[in-house]
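The following account leads through the interior of a protein chain, taking individual residues and their surroundings in turn. The reader may wish to keep the coordinates open throughout.

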Amino acid sequence: MPGDLHTHTTFSDGSTPADKLPFLAACAGMTHLAISDHDSIRSVRYAYAHPVQNGVHLIPATELTAYDYERAHRVHLLCYWPDDCAALADFSAMMAERRLTAMLQSCKELEAICPQFRTEEALELAKDSGTLFKAQVMRVLWQYGLADGMYNTVYKSLFGLKPVRGRILHTPRYEPVDTVLDVIKASRAVVVLAHPSVYHSMELARELIAAGRLDGVEIDHPRNTPEDRAELTRLAKENGLIVTGGTDYHGINTVTPRPVGAFTTSDKMIARIGDIAKARKSTYKRQK
């Protein structure tokens with residue numbers, strides 16, 4: 001049976017605790033699951049500590065955020081089977097601190113314009129993550145009837161970037177793509193470019209594939225366009241890349257909720273991910 005290799009929990013900006021997702025995956029007929037929380041080593045450690053749960057094999061994973069400064073947009077890189085190492089731990093801690101600093105400033109400004117909002121409530125929702133995401137702020141507003149859902153009109157007025165910058169938007173500084181790829185390499189992870197359509201990353205995808213810096217591309221994703229799927233499929237075949245799929249599950253913290261297992265990765269590709277990861281770890285041990 002296939003696996004859902006792109007999901008999020010309360011370790012980042014999802015609404016579902018990590019220990020619930022394997023059950024949901026099992027109900028969907030999945031045999032494998034990757035909890036790939038944003039810039040988080042917590043999801044990696046959870047999978048290593050719980051290799052099989054509810055009959056589902058957990059693949060240690062995280063989704064690291066980078067920035068393409070040439071084209072001015074974010075980039076998400078899925079990392080599978082990374083070592084629990086200093087490079088990844090340090091990067092995760094750095095991003096958690098940067099994100100928390102930015103969000104606390106946003107919350108301070110939000111409290112000044114919205115007397116019903118309290119930062120402490122958002123921090124309570126975010127306690128599993130070790131930082132703070134926009135999702136937890138929006139959940140507080142939504143539950144008090146102060147927002148029209150998670151990421152609709154109110155969200156855009158507060159945190160939108162284009163065409164008008166949100167009233168309280170503060171963003172953490174993201175590291176360049178090359179820097180984040182170096183972190184992934186140091187952790188000996190298998191690297192997959194996540195949902196290229198979401199951040200208009202097809203030009204970057206072509207460059208990284210040509211340079212041999214990706215192990216795979218995420219194709220079966222709810223927000224990839226048909227045109228990008230077709231080109232990614234061709235590029236993957238021509239370059240022998242892994243092809244992955246995942247729901248990008250966030251629970252209710254999304255515009256369009258989708259259940260775990262709605263988008264999947266095949267058994268063959270899951271096996272390839274595992275084989276590459278084992279080979280890299282074996283090579284590293286021999287070189288030590």
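Ser106 touches Phe159, Ile168, Leu169 and His170, when residues up to four places away in sequence are not counted. The model is a predicted one, and in it Ser106 has its place in helix α3. With a relative accessibility of 1%, Ser106 counts as buried.

Helix α3, which spans 86–113, also takes part in the largest nonpolar core. That core has 32 residues, and those with the most contacts inside it are Leu64, Leu77, Ile184, Leu214 and Val217. Two or more residues each come from the strands β5 (61–68), β6 (73–80), β7 (190–193) and β8 (216–220), and from the helices α3, α7 (177–186), α8 (202–210) and α9 (226–239). Apart from this core lies another, of 21 residues, with Met103, Cys114, Met138 and Leu158 among them.

Leu64 offers a way into the contacts of the larger assembly. Its neighbours within four places in sequence left aside, Leu64 is in contact with Asp39, Val75, His76, Leu77, Cys79, Leu88, Phe91, Val180, Val183 and Ile184. One of these partners, Cys79, is found in strand β6 and counts as buried at 1% relative accessibility. Beyond residues up to four places away in sequence, Cys79 touches Pro60, Ala61, Thr62, Leu64, Ile184, Ala189 and Val190. By contrast, the C-alpha atoms of Cys79 and Pro226, which are 147 residues apart along the chain, are separated by 24 Å.

Which residues of α7 are buried? They are Val177, Val180, Leu181, Val183 and Ile184. These residues cover an arc of only 155° around the axis and therefore lie on the same side of α7. Such an arrangement can be read against the geometry of helices in general. An α-helix has 3.6 residues a turn, so residues three or four places apart point the same way. The buried residues of α7 pack against β5, β6, α3, β7 and α8. Just after this helix, Arg188 takes a positive phi of about 60°.

The packing of α7 against α3 can be described further. The two helices pack at an angle of about 140°, and their axes are 8 Å apart. Because an angle over 145 degrees would be needed for a roughly antiparallel pair, α3 is oblique to α7. Where the helices meet, Ala87, Leu88 and Phe91 in α3 face Val180, Val183 and Ala186 in α7 as contact partners.

Aromatic rings add a further set of relations, with six aromatic pairs in the count. The rings of Tyr67 and Tyr174 have their centres 6.4 Å apart and their planes at 10°, so this pair is stacked. Tyr67 belongs to strand β5 and Tyr174 to the loop between α6 (153–159) and α7, so the pair ties together parts that are 107 residues apart in sequence. Tyr174 counts as buried, with a relative accessibility of 8%. Together with Tyr69, these two residues form one aromatic cluster.

The last residue to consider is Ile219, placed in strand β8. Ile219 counts as buried at 8% relative accessibility. With its neighbours within four places in sequence set aside, Ile219 is in contact with Asn224, Arg229, Leu232, Thr233, Val243 and Thr244. Ile219 and Leu24, 195 residues apart in sequence, are 22 Å apart in space, C-alpha to C-alpha.

Notes
Residues numbered from 1 in each chain as written. Predicted model: local features only at pLDDT ≥ 70, side-chain atom pairs only at ≥ 80, totals over all residues. Heavy atoms only, no water. Core = buried A, V, L, I, M, F, W, Y, C linked by side-chain atoms within 4.5 Å. Buried < 20%, exposed > 50% of the residue type's maximum accessible area, 1.4 Å probe, protein only. Helix = DSSP H or I, 4+ residues; strand = E, 2+ residues; numbered from the N terminus. Contact = heavy atoms within 4.5 Å. Phe/Tyr/Trp six-rings, centres within 6.5 Å; stacked < 30°, edge-to-face > 60°. Arc of directions from axis to C-beta. Axes fitted to C-alpha atoms, helices over the stretch in contact; angles between N-to-C directions. Parallel < 35°, antiparallel > 145°, perpendicular 65-115°, else oblique.
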